[in-house]
Amino acid sequence: MFWDITHNMSNSSAFIYSMLLLIQVLFGINFFTSKVIVGVMDPILWSNLRFFIAGVLMLLVTLATGRKHPKVDKEFLYALVPLSALGMALGQGLFLFGLKHTSSVNTAVLTTTIPILTLVIVVARKQEELTMKKLVGFGLAFLGVVLIRDLSKASFESSSFFGDLMVFMGAMCFALYLSFGKGFLRKYDNLWITTYMFLTSAALMAVFNASKIFTFLSNLQSSPGLESYSTLFVTCVLYTIIGATLLTYFLNNLVLAKAPPAHVALSIYFQPVVAGVFGWWFLDESIGARTIFCSFLIMMGLVVSIYPGAKKSF
């Protein structure tokens, strides 16, 4: 099965970095599918539901594969709960809540801080060394991501300060997850860990979404059937749950257990390239010289930073 194949190949450097790129492709497409969904549903409620549904599906897969259940003790729970909050519930919640109070351009610019924050954290914790190649690579990729945005539309004013702060805190949460989650993910089975993280995140978010969930369930019987929704909406929902949540987080946890956290974070800079290609191919959006040049800078940054480490054995 796919899950066993990925487990057996997970020590291959080529496989690890191929999965890093695949994760960013899946996340890059998710920008468009999520936009369609939140146009119909409350974004915070949808985030809560998607983690719950993904958790149930992942649980069924995990049980079907017959994986050995990890020992659930204090050590396990003390790591599971905060990491679930940082990587999913709190990180996603702050991001979506902040997005409601600031512009999408501000959000895009602020999320580019994730790799930088991760690098600072892993160096401070002495998980990784700060080399010249790493600095140059991060610098090139960061420059490419910043320049590919239309910064003239960014406006960091007092009116958007609260939203900007929430987005930045969400970025910090994910950076902390990438750094502190590595040891936990290396110790336990990835299928069980991902399952528990989905369900724990859904439970944590439900505490703050209780009223919205109650309203949603109350209106469920009177709401129109699935056939009333467009094919595009249903397709986006299925993709976001299976492709951009279940599969993506499973692969992200698998890779994070093997690759340096800074490399995992740096690969996030590949998302604007994916979004640009996807927009050109499917939405007839134009790709100008600036986009091509910035994509080149991002790719060069990834190669400079990651390639030397790719030769090492995990």
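Confidence varies along this predicted model. Helix α3 (residues 43-65) has the highest mean pLDDT among the elements of the protein, at 93. Helix α1 (residues 2-9) has the lowest, at 55. The protein averages a pLDDT of 83, and 85% of the residues score at least 70. Over residues 309-314, pLDDT stays under 50. For that stretch the model has 13 contacts beyond four places in sequence.

**The nonpolar cores**

The largest nonpolar core holds 63 residues. Which of them touch the most other members? They are Tyr-177, Phe-184 and Val-255. Helix α8 (residues 161-187) gives the most to this core, with 9 residues. Another core lies apart from it and has 9 residues. Met-41, Leu-45, Trp-46 and Leu-49 are among them.

Look next at Val-255. Leave aside its neighbours within four places in sequence. Val-255 is then in contact with Ile-16, Met-19, Leu-20, Ile-23 and Val-264.

**Helix α8**

Helix α8 has 27 residues. At 1.5 Å a residue, α8 should span 39 Å. Its end C-alpha atoms are 40 Å apart, which agrees with that expected span. Where does α8 bend by about 50°? The bend is at Gly-181.

**Salt bridges**

How many salt bridges does a search of the whole structure find? The search finds 4. The table lists some of them.

| Acidic residue | Basic residue | N to O distance |
|---|---|---|
| Asp-42 | Lys-212 | 3.2 Å |
| Asp-189 | Arg-67 | 2.5 Å |
| Glu-128 | Lys-134 | 2.8 Å |

Take the salt bridge of Asp-42 and Lys-212. This pair links distant parts of the chain, 170 residues apart. Asp-42 sits in the loop between α2 (13-38) and α3. Lys-212 belongs to helix α9 (residues 190-220). Are these side chains buried or exposed? Asp-42 is partly exposed, because its relative accessible area is 25%, and the range for that class runs from 20% to 50%. Lys-212 is partly exposed too, with a relative accessible area of 30%.

Now take the salt bridge between Asp-189 and Arg-67. This pair also links distant parts of the chain, 122 residues apart. Asp-189 is in the loop between α8 and α9. Arg-67 is in the loop between α3 and α4 (74-99). Asp-189 is buried, and Arg-67 is buried as well.

Lys-134 and Glu-128 also meet in a salt bridge. Both residues, Lys-134 and Glu-128, are buried.

Key
Residues numbered from 1 in each chain as written. Predicted model: local features only at pLDDT ≥ 70, side-chain atom pairs only at ≥ 80, totals over all residues. Heavy atoms only, no water. Core = buried A, V, L, I, M, F, W, Y, C linked by side-chain atoms within 4.5 Å. Buried < 20%, exposed > 50% of the residue type's maximum accessible area, 1.4 Å probe, protein only. Helix = DSSP H or I, 4+ residues; strand = E, 2+ residues; numbered from the N terminus. Contact = heavy atoms within 4.5 Å. Expected span 1.5 Å × (residues − 1). Bend = angle between axes of the 7 residues up to and from the residue. pLDDT = per-residue confidence, 0-100. Salt bridge = Lys/Arg side-chain N within 4 Å of Asp/Glu carboxyl O.
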